[in-house]
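Here's a quick briefing to read with the structure open beside you. Have a look around first, then work through the notes by topic.

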Amino acid sequence: MAVAACGSSGSESGSDGGGSGGGDDSITMGFSQVGAESGWRTANTKSVQESAAKAGITLKFSDAQQKQENQIKAIRSFVQQRVDVIAFSPVVESGWDTVLKEAQNAKIPVILTDRAVDSKDTTLYKTFLGSDFIEEGKKAGQWLVEEYKDATGTVNIVELQGTTGSAPANDRKEGFAEVIGADPKFKVIASQTGDFTRAKGKEVMEAFLKSNPDIDVLYAHNDDMGLGAIEAIEGAGKVPGQDIKIITVDAVKDGMQALADGKINFIVECSPLLGPQLMDLAKKVVKGEQVPARVVTEETTFTQEQAEQVLSTRQY
Ligand code: GZL
């Protein structure tokens, strides 16, 4: 296992599979991962690594520590190493055209996984594999509308957004706002990024609680920020799930446990288990086969009762 520390460009690991642009029939994939910011990300990394091994694909894996410049460096490194295919989860939507053009000029196909880019030139990548984040935001909003359908007064909502500029943060915010915007009783009184981490989620929720005495609902773009916020809510002497209702996205084990315990009220699932589909797509694009422009993952939602029933069977 060649583990090469790449200085500030994050850390790179993976066996030297000698991928030479498909010289032999084994495939070498360069994978640039966002980081290790959340339980979802950890599960996603595990799925990618285990699926590559199962598929016989040599994986060169780079952890960008949530920095776009590290992902750009990693992609350039994969091009120089002449990998057969590049896959990555773009930490933010913008700023990718130049490096993706370099991969295209080197005739190395690129697959977007988990998060999307806003490049106008869609020939820069072969396909996108991941969730519909706008739909996830809508599901969160729909639960809230139903939960408060008989309420007459104002419903004060605070929102913990994901990483600024990332597709999940932009789209989960958009989908949620579209649904609740239909009823003026719903008021988002504060909305700020918690960068998808527990620590930041706790810190921002503490600030929300200090400046907003009458919060009814928290909408957190992932479980980890919601779990951090729960610590802040309890620290303020309030009861999460009762004094302040909480909606999160992901459905990782710790989030589902909090849901079963009544500290979270509703979770929208976002599956991190993208590895198997990613490897299938990689084999097809390396062979030059046609693949769908977009492959959207199947996912559901969970109430507290449903969480209790499925908790023991969750894979992540
Ligand atoms: C969503 C993914 C998000 C998760 C967070 O597909 O990009 O990033 O919702 C993770 O938990 O940090």
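What follows is a short tour of one sheet, the helices around it and a few individual residues.

Keep in mind that this is a predicted model. The main item is an open sheet of six strands with mixed pairing, and one of its strands, S8, has seven of its seven residues buried. Elsewhere, helices H7 and H8 cross at roughly 50°, and two residues that aren't glycine, Arg82 and Phe196, have positive phi values.

**The six-stranded sheet**

- Reading across the sheet, the strand order is S9-S8-S10-S11-S12-S14.
- S9 and S14 (301-303) are the edge strands, so each of them pairs on one side only.
- On average, neighbouring strands here are turned by 15° against each other, if you ignore direction.
- S8 and S9 run parallel as a pair, with seven bridges between them; in that pairing, Val155 sits opposite Phe186 in S9.
- S8 (155-161) also pairs in the parallel sense with S10 (217-220), this time over four bridges.
- Within S10, Tyr219 is the bridge partner of Glu159.
- Helix H6 lies across S8, S9 and S10, and its direction is about 150° to that of S8.

**Strand S8, face by face**

- In a regular strand, side chains alternate between the two faces of the sheet.
- Which residues of S8 are buried on each side? One side has Val155, Ile157, Glu159 and Gln161, the other has Asn156, Val158 and Leu160, and all of these are buried.
- Both faces of the strand are therefore covered, in line with the count of seven buried residues out of seven.

**Lys187, on the edge strand S9**

- Lys187 belongs to strand S9.
- Is this lysine buried or partly exposed? Its relative accessibility is 41%, so Lys187 counts as partly exposed.
- Leaving out neighbours within four places in sequence, Lys187 contacts Thr154, Val155, Asn156 and Ile157.
- One of those partners, Thr154, is 33 residues away along the sequence, yet the C-alpha atoms of Lys187 and Thr154 are 6.9 Å apart.

**Helices H7 and H8**

- Two packed helices are described by the angle between their axes and the distance between the axes.
- For H7 (223-235) and H8 (253-260), the axes come within 9 Å and cross at roughly 50°, which makes H7 oblique to H8.
- The handedness of this crossing is left-handed.
- On the H7 side the contact involves Asp223, Leu227 and Ile230, and on the H8 side Asp254, Gly255 and Ala258.
- Sorted by class, that contact has three nonpolar residues, one polar and two charged.

**Asp224, a buried acid in H7**

- Asp224 is part of helix H7, and its 7% relative accessibility means that it counts as buried.
- What does Asp224 touch beyond residues up to four places away in sequence? The contacts are Ser38, Gly39, Trp40, Phe196, Thr197, Arg198 and Val252.
- Phe196 is worth picking out from that list, since it comes up again under positive phi.

**Two positive phi values**

- Phe196 has a phi of about 65° despite not being a glycine.
- You'll find Phe196 in the loop between strand S9 (186-193) and helix H6 (198-211).
- Phe196 is buried, because its relative accessible area is 5%.
- Arg82 is also a non-glycine residue with positive phi, with a value near 60°.
- Arg82 is in the loop between helix H2 (68-80) and strand S5 (85-88).
- With 36% relative accessibility, Arg82 counts as partly exposed.

**Val239, in the loop after H7**

- Val239 is located in the loop between H7 and strand S11 (245-250).
- Its relative accessible area is 36%, so Val239 is partly exposed.
- Setting aside residues up to four places away in sequence, Val239 touches Ile233 and Ile244.
- Val239 and Lys263 are 24 residues apart along the chain, with 7.7 Å between their C-alpha atoms.

How values were computed:
Residues are numbered from 1 along each chain as its sequence is written. This is a predicted model: local features need pLDDT of at least 70, side-chain atom pairs count only at pLDDT 80 or more; totals for chains, interfaces and linings use all residues. Side-chain values use heavy atoms; hydrogens and water are left out. Axes are lines fitted to C-alpha atoms, for helices over the stretch in contact, and angles run from 0 to 180 degrees between N-to-C directions. Angles under 35 degrees count as roughly parallel, over 145 as roughly antiparallel, 65 to 115 as roughly perpendicular and the rest as oblique. A crossing is left-handed if the near helix is turned anticlockwise from the far one by less than a right angle, and right-handed if clockwise. Contact means heavy atoms within 4.5 Å. Ala, Val, Leu, Ile, Met, Phe, Trp, Tyr, Cys and Pro count as nonpolar, Asp, Glu, Lys and Arg as charged, and the others, Gly among them, as polar. Buried means under 20% relative accessible area, exposed over 50%, partly exposed in between (1.4 Å probe, protein chains only). Two strands pair if DSSP finds at least two bridges between them.
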